[in-house]
Structure formats: C-alpha cells, structure tokens
Amino acid sequence: MRIRGFAPSTPCWAELTSADSAGAAGFYAELFGWELDGDRFLLQGRAVAGLGRAGTGRPEGWVTYLADTHLESTAERINAAYGRSLTWPQERAGARSAIVADASGAIFGLWQSAGFAGTQLRGEPGTMAWSDLLTDDVPAATAFYGAVFGWSLTTEFGSGEWLTEAHDSVAGVIPGRPGARWQPSFQVTDTAAVIDKCGSLGGRVIAGPMEMGLGSYVEILDPFGAAFAVTAPVERPVELSVAYNDIIGMELTYGG
C-alpha cells in the first residue's frame, strides 16, 4: 500500500546508521529484497528505509523517526521534559530532521517533511510495520511522551500501545528491557524463513519467535550489531456459529 503522508508524532521513517554501509546494504538487500539508491532503501521503486553513516549524535543502529511539523518547538518540549537534543535540525532531501533522546536515553528522530514524508510503502513484506519502545522504566516513558506528544499508554489489547490524543494507536512499548531504545519492526511473510536466511547472512536472533498482538515477532541483530525486529501475521481460523433459535427468528422476520 502506497503512503503519502503521516500525522504528527507518528512513526514515519526508519534509518540505519552503520560504519559499514556497503556491508549493511548487502545484508538487507538479501534479507528483504531492498535496493539502495543513494541514502535510501527502495522496494518496488519506493523508499522504505534510510541508510547513513554513524557520527556525532548519530550512533550505529536503527533510528525511528516521528513525523513533526516544527522541529525547534518539539525540541524545546523534549528538553523541558528532561530529554536531550543530540543534533541540530539538518536539511535533508525533501525533509528536515533532528536526533533526540527521551528522559531515559532512548534515541529517536524527528522528521519534518518538505516534500518527502517518509516511507512510501506499508502493509507489504519488506516494509516498516511498527515501532516499539523497549524500556525498564515505563512510568518515566509515560510521563515523557505524554508531556512531549500528548501520548497515553494502554494495555487494553494485551500489550502496551501508545495512543495519540485522538486515541489512535501509533507505537508499542515492551517493558522490562534494560537500556531504553526504540526498535523498528519490518513485515515479512514467514518469520521462520527469515530466521534461517538471517543466520546464513551472518545475523542472529536475540529474542523470539513469540506471539505479539496478531503476529509472530522476532528480534534480530544484523551482522554489524544493529537490532531490529520482523513480524509476520498469524492466520487464525474464524468459526461462525448461529443458534437454531436465531435462524428461526430470522426466518420469521424476513421470511414472512
């Protein structure tokens, strides 16, 4: 499904920073079928993720970016909530971006579109499916993201999810993890097949497979130490049962 834009504070882009960009490009090309075009990974000719070099304020690993409308104002709210601004707003092709950290040190990005809103495909294998905050301090995370973005946390569906002020689900939270960080997950058809392929390419599984929500979820380290996750929908049979009295009632109502 083609995507043209994102609501504010919605995860819109994921970018890998690596000291070995050529090696990383080869790994993800084999794993997901991506092609590298400059600093963007493409799938079916559409941008699905970014690739950059690690540097000051940009440590190695995957960075989840949240859509934003004014980087400077959001950075002020982040600093007021005891987070940190790690880079100044940077001009990009079709966007402005900044790297920040929450009050527990989890790094993420802000993405202000200037023609390029972020990932251009969703809902297909090889595209960003979701992003989760992994943390061992859920109360601190709830206070921070509530103050900065107006998010609230719900566990109504069995796992933690961040909701916007409009009660839209935008991201997840996985508790009990030391060293707070954001982690993107990418949709695949079969997690078992990805596990096998990842191992043959030099990556390794660090958690899973496990059922989360309606999918099978696996956390992976690529050959260069960057953590990410993959998720595949789990098919469940749907059983429909209609009581005999319900059928009679329908016949009386609609059959005359």
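Helices, of which α4 is one, are taken here as DSSP runs of H or I spanning at least four residues and are numbered from the N terminus. In the predicted model described here, α4 is followed by Gly 202, whose phi is positive, near 100°. At the opposite, N-terminal end of α4, Asp 190 acts as a cap, with a side-chain oxygen 3.0 Å from the backbone nitrogen of Ala 192.

The protein comprises five helices and 17 strands. Of its 256 residues, 46% are buried. Among contacts between residues at least 6 apart in sequence, 62% join residues at least 24 apart.

Within α4, the buried residues include Thr 191, Val 194 and Cys 198. These three cover an arc of only 55° around the axis, which puts them on the same side of α4. The face turned away from this buried side carries the exposed residues Asp 196 and Ser 200. The packing partners of the buried residues of α4 are α1, β15 (204-212), β16 and β17.

Helix α2 (residues 71-80) was examined in the same terms. Leu 71, Thr 74, Ala 75 and Ile 78 are buried in this helix. Viewed down the axis of α2, the buried residues fall within an arc of 105°, so they line one face of the helix. Exposed residues Glu 76 and Ala 80 are carried on the face of α2 turned away from its buried side. The buried residues of α2 pack against four strands, β5 (61-68), β6 (84-85), β8 (95-101) and β9 (107-113), and against helix α3 (138-149). Just after α2, Tyr 82 adopts a positive phi of about 75°.

Attention turns next to the nonpolar interior. In soluble globular proteins, nonpolar side chains tend to be buried together. The largest nonpolar core in the model has 27 residues, and those with the most contacts inside it are Tyr 28, Phe 32, Trp 34, Trp 62 and Phe 228. At least two residues of this core are supplied by each of β1 (11-17), α1 (21-32), β3 (40-43), β4 (46-52), α4 (191-200), β16 (215-221) and β17 (227-233). The largest share, six residues, comes from α1. Apart from this core lies another, of 22 residues, among them Leu 71, Ala 106, Val 148 and Trp 151. Leu 71 also belongs to the buried residues of α2.

Phe 228 has contacts with residues from several parts of the sequence. Leaving aside neighbours within four places in sequence, Phe 228 is in contact with Phe 27, Tyr 28, Leu 31 and Phe 32, with Trp 62, with Gln 183, Pro 184 and Phe 186, and with Val 218, Glu 219, Ile 220 and Asp 222.

Aromatic side chains were then considered as pairs. The structure holds 30 aromatic pairs. One of these, formed by Phe 27 and Phe 228, is edge-to-face, with 6.5 Å from centre to centre and 75° between the planes. Phe 27 lies in helix α1 and Phe 228 in strand β17, so this pair ties together parts that are 201 residues apart in sequence. Both Phe 27 and Phe 228 are buried. A further pair, Tyr 28 with Phe 41, is tilted, at 6.2 Å centre to centre and 55° between the planes. Here the parts tied together are 13 residues apart in sequence, because Tyr 28 lies in helix α1 and Phe 41 in strand β3. Tyr 28 is buried, with a relative accessible area of 0%, and Phe 41 likewise has a relative accessible area of 0%. Phe 27, Tyr 28, Phe 32, Trp 34, Phe 41, Trp 62, Phe 186 and Phe 228 form one aromatic cluster. In addition, Arg 40 lies over the face of Phe 116, at 3.6 Å from the ring centre.

A final site concerns strand β11 (residues 152-154), in which Thr 154 is placed. The relative accessible area of Thr 154 is 14%; since burial is defined as under 20%, this residue counts as buried. With residues up to four places away in sequence not counted, Thr 154 touches Ser 159, Gly 160, Glu 161 and Leu 163.

Conventions
Residues numbered from 1 in each chain as written. Predicted model: local features only at pLDDT ≥ 70, side-chain atom pairs only at ≥ 80, totals over all residues. Heavy atoms only, no water. Buried < 20%, exposed > 50% of the residue type's maximum accessible area, 1.4 Å probe, protein only. Contact = heavy atoms within 4.5 Å. Core = buried A, V, L, I, M, F, W, Y, C linked by side-chain atoms within 4.5 Å. Arc of directions from axis to C-beta. Polar contact = N/O pair within 3.5 Å; in protein donor to acceptor, adjacent residues only side chain to side chain. Phe/Tyr/Trp six-rings, centres within 6.5 Å; stacked < 30°, edge-to-face > 60°. Lys NZ or Arg CZ within 6 Å of the ring centre and 35° of its normal.
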